[in-house]
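I opened this notebook page to record a few look-ups on helix packing, burial and aromatic rings. The entries follow the order in which I made them.

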Amino acid sequence: MFKMVSSPHTHSSNLTANFMLWVIAMMLPAFGVQIYYFGFGVLIQTLLAVSLAIVIEIGVAKLRKKTTAFYLADLSGILTALILAMSIPPYAPYWIVVIGVIVALLLAKHSYGGLGQNLFNPAMVGYALLLVSFPVQMTSWMVPIHLLSEPPTFADAMSLIFKGVSTDGFSVYQLVNSVDGIASATVLDAAKIAKPLSRLEFDLLFGDVFLRGWWQVNFAFLLGGVFLIYKKIVHWQIPIAMLGTFVIFSGITDLVSDSSWSMPLHLFSGAMMFGAFFIATDPVTASITPRGKLIFGGLIGLLVYLIRYYGNYPDAIAFSVLLANICVPLIDHYTQPRLYGTRLDKR
């Protein structure tokens, strides 16, 4: 009698580990860009998240009477922690990433039985809970450190994360406001507010600094994602369908409205490329059929468009992925490929 298990249907933990390792490796260029533009906070948050993830994975293995490396071997916990750490503001309080990792791994992953059993993307469950519960901390993004008169050192970053102020006694809000009054959370937040921009604000958001900040982070994710498709680590259907759907709807909106926030701005801001290539393509919670992947990716792209343009949240990647995860069983049911030699049921 065969044992029925959910995806991924692999017979070797090495295959899963190789998949996760490739994804982690292709995230490293964007990780380096984030550190370059936003400082040591990115590194500290990542080390904290990954360390806690390792402790949780070992603890769960002990509770379930498994070997110490049983859950560590597939690297899924480390990847989840890395995704979450790169999604939160670099100088958010330490307890933000602690709560996020605990929720992601214990509630969204292990409470369902571990890798392959979870219904929702664990990192996005953690992120969504943090965004809803702690909106101020989760939207306190610092401008690129090159704009600051005194960029935070490693000691400043440690102090900001664990004490809330730098070694000189300045909070993140005070450091951001030192840049000529520019104190918005992200470029997408400014787009959502749609306030009139001064010439200085426009230059900071759309000028050379902006192009060397958010756009380069997204471009690094794009390059890593394209390489994953080339290596056939992830399938092309989900990211292409997601980005294509968003481009179509946002492009139409650009044609019929006079908003200064164009489709390219949305396409290379926030977590668009990160979500398309590294989050939506999660092999456990995404659709598994070829047509289903296209529908799944298109649904995420549509939801991102609707929430960004008409909802209350500026980015929308997390909520769109989680809502699409709910639809995966239905999508897979109606997109099952026809088996060779069988007739279609016309009833």
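I began with the relative direction of H3 and H15 in this predicted model, and I noted them as roughly antiparallel, because their packing angle is about 175° and angles over 145 count that way. H3 covers residues 76-87 and H15 covers residues 272-279, and their axes lie 12 Å apart.

I then listed the residues through which the two helices meet: Ile-83, Met-86 and Ser-87 come from H3, while Phe-274, Phe-278 and Ile-279 come from H15. Sorting the residues of this contact by character, I recorded five nonpolar, one polar and no charged.

Next I asked whether Thr-245, a residue of helix H13 (residues 237-256), is buried or exposed. I entered Thr-245 as buried, because its relative accessibility is 15% and the cut-off for buried is under 20%. Leaving aside residues up to four places away in sequence, I found Thr-245 touching Gly-298, Gly-301 and Leu-302.

I turned to the rings and noted a count of 17 aromatic pairs. For Phe-70 and Tyr-71, I wrote down ring centres 4.9 Å apart and planes at 90°, so this pair is edge-to-face. I also checked the accessibility of both partners: Phe-70 is partly exposed, with a relative accessible area of 42%, whereas Tyr-71 is buried, with 8%. Over the face of Phe-70 I located Lys-66, at 4.9 Å from the ring centre.

My last entry concerns a cluster in which ring pairs link Phe-246, Phe-249, Tyr-305, Tyr-309 and Tyr-310.

Notes: Residues numbered from 1 in each chain as written. Predicted model: local features only at pLDDT ≥ 70, side-chain atom pairs only at ≥ 80, totals over all residues. Heavy atoms only, no water. Axes fitted to C-alpha atoms, helices over the stretch in contact; angles between N-to-C directions. Helix = DSSP H or I, 4+ residues; strand = E, 2+ residues; numbered from the N terminus. Parallel < 35°, antiparallel > 145°, perpendicular 65-115°, else oblique. Contact = heavy atoms within 4.5 Å. Nonpolar A, V, L, I, M, F, W, Y, C, P; charged D, E, K, R; others polar. Buried < 20%, exposed > 50% of the residue type's maximum accessible area, 1.4 Å probe, protein only. Phe/Tyr/Trp six-rings, centres within 6.5 Å; stacked < 30°, edge-to-face > 60°. Lys NZ or Arg CZ within 6 Å of the ring centre and 35° of its normal.
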